[in-house]
Amino acid sequence: MSRIDELHQGFRSDYIDYETLTTQLQSWAEAFPEVCALESLATTPEGRELWMLTIGTDRDRIRPAAWVDANMHASELAGSSAALAIAEDLLRVHAGESPHELSAPILEVLQEALVYVVPRFSPDGAEGVLKDGRYIRSAPRDSRPETSAPRWLVGDVDGDGLAFVMRKEDPAGEFVVSGEVPGLMVKRELEDSGPFYKIYPEGTIANFDGSHIPDPFYLSDNDVDLNRNFPMSWASDHKQAGAGRFPLSEVESRAIVEATAARPHIFAWLNLHTFGGVLIRPLGDGPDAKLDPFDRALYKQLEAWAEEHSGYPTVSGFEQFTYVPNVPLHGDLIDYAYEGRGSLAWVCELWDIFERAGLPNAKRFVDRYAELDRHHLEQLARYDLENNEEPVIKAWRKFDHPQLGEVEVGGLDPRFGMWNPPRS
């Protein structure tokens, strides 16, 4: 067993918490100081460090460098595992090994390379997802001024330590139980006879007036999406949900910009997310006709290599990954990396559950997420049941909610099997 194997903390087979991730990074830096250095870019509001690992020999010598970051969306834990795997493979290269049977020319390039790795962009958010099961878009905080409007506060209500979802019978409910997959909730259709249900996040309602139940919203109690908080094409919250009070209002996004601005030699940038099995490249705010012709030719070659080695297609952020056609997302990291820092930049959406479950392709790739009908959801659920030792669909348990009365809690834990590959 090599020294690298002895230091391995299990991230290739499970999703590790902040303490274990820190132990992994510190052990690498201590064991291989000649090729590996660890520094904190910032401390989060909950007191966790935003770690960056620098891998390469002669690290003070400026030359073209690559940047890898992951897990800016708290629930997308597989990105951390992939970033750590990249770091570990690079250490193996410097130790004289050839991971994945790489050729001699590739090994030579990697031995010369300088690579920065930020394996967990949102350590506070990821910890909340891992430990509490709750949905957090990026970071578990909300700086919006308190108002009298009712809103959902996600949290454990039945005492099991986890926060999933709740369902409540309602004749106006939009959901019914699938006839094909027990426990799976699917959109109501005209032919359905009920019972019908409303679906809510597990939690309570702030400013509840006894009658008005607010619609669930993915940013109900954590207001900023870090991938909408970057300065390139930023737009305020009334136009772009999750934007934050101003560009770089969050400690994490500000730390990333400060670190990369101090390293203008970064030429390649990989931003790891889940899920979908696709690479997303610039432009994010315009069609390919506006992409620099030289950059487009270079991306075309890189796309061919990426699909050959990963099987993932590459799509334009603007043409195939805007939720409303021709309406760009604002303030995202890849636009900043490409437009603001001049890097060849990609998002990689790891974990192609759509392909594995046999779902059809869509004309626009983003529609694979947006146009899931009942049949598609049942297909995904059956795939999960057959391939996941701890399936996403959980048992529903009755509970007397302090505000809503009788509800059922449970139903869905999408962390391992939907948002990320299964742990088994």
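What radius of gyration would a compact globule of 424 residues have, and what does the protein have? The expected value is near 22 Å, and the protein has 22 Å, which agrees. This is a predicted model. Its C-alpha atoms fill a box of roughly 65 × 50 × 45 Å along the principal axes. Buried residues make up 53% of the 424. Among contacts with a separation of 6 or more, 72% join residues 24 or more positions apart. The protein has twelve helices and 16 strands.

Start with the sheet. Eight strands form an open sheet with mixed pairing. Their order is S1-S2-S4-S3-S11-S14-S12-S13. The edges are S1 (36-43) and S13 (314-316), each of which pairs on one side only. On average, neighbouring strands are turned by 25 degrees against each other, direction ignored.

Now look at strand S3, residues 65-70. S3 sits between S4 and S11 in the strand order. Five of its six residues are buried, so the strand is mostly covered. On one side, five bridges join S3 to S4 (residues 114-118), and the two strands run parallel. Aspartate 69 has valine 118 of S4 as its bridge partner. S3 also runs parallel to S11 (residues 266-274), joined to that strand by six bridges. Here alanine 66 is partnered with alanine 268 of S11. In a regular strand the side chains alternate between the two faces of the sheet.

Move to the S13 edge. S12 (residues 278-281) and S13 pair in the parallel sense over three bridges. Isoleucine 280 has valine 315 in S13 as its bridge partner. Helix H9 (residues 333-340) packs on the sheet. H9 touches S3, S11 and S14 (344-350). The direction of H9 makes about 170 degrees with that of S11. An angle over 145 degrees counts as roughly antiparallel, so H9 is roughly antiparallel to S11.

Helix H6 (residues 251-261) also belongs in this picture. Its buried residues are Glu252, Ser253, Ala255, Ile256, Val257, Ala259 and Thr260. What do the buried residues of H6 pack against? The partners are S1, S2 (49-55), S3, S4, S11 and H9. S3 and S11 are thus touched by H9 and also packed against by the buried residues of H6.

Next comes a pair of helices. Two packed helices are described by the angle between their axes and the distance between the axes. The axes of H3 (residues 78-94) and H4 (residues 104-112) come within 9 Å and cross at roughly 105 degrees. That makes H3 roughly perpendicular to H4, because angles of 65 to 115 degrees count as such. Leu90, Val93 and His94 are the H3 residues in the contact. They meet Leu107, Leu110 and Gln111 of H4. Four of the contact residues are nonpolar, two are polar and none is charged.

Finish with one residue. Glutamate 303 lies in helix H7, residues 293-310. Is glutamate 303 buried or exposed? Its relative accessible area is 13%. Buried means under 20%, so glutamate 303 is buried. Which residues does glutamate 303 contact, leaving aside its neighbours within four places in sequence? They are Arg281, Arg296 and Thr314. Two of these lead back to the sheet: Arg281 falls within S12, residues 278-281, and Thr314 within S13, residues 314-316.

Note on methods:
Residues are numbered from 1 along each chain as its sequence is written. This is a predicted model: local features need pLDDT of at least 70, side-chain atom pairs count only at pLDDT 80 or more; totals for chains, interfaces and linings use all residues. Side-chain values use heavy atoms; hydrogens and water are left out. Axes are lines fitted to C-alpha atoms, for helices over the stretch in contact, and angles run from 0 to 180 degrees between N-to-C directions. Helices (H or I, at least four residues) and strands (E, at least two) are DSSP runs, numbered from the N terminus. Angles under 35 degrees count as roughly parallel, over 145 as roughly antiparallel, 65 to 115 as roughly perpendicular and the rest as oblique. Contact means heavy atoms within 4.5 Å. Ala, Val, Leu, Ile, Met, Phe, Trp, Tyr, Cys and Pro count as nonpolar, Asp, Glu, Lys and Arg as charged, and the others, Gly among them, as polar. Buried means under 20% relative accessible area, exposed over 50%, partly exposed in between (1.4 Å probe, protein chains only). Two strands pair if DSSP finds at least two bridges between them. The radius of gyration is taken over C-alpha atoms; the globule rule is 2.2 Å times the number of residues to the power 0.38.
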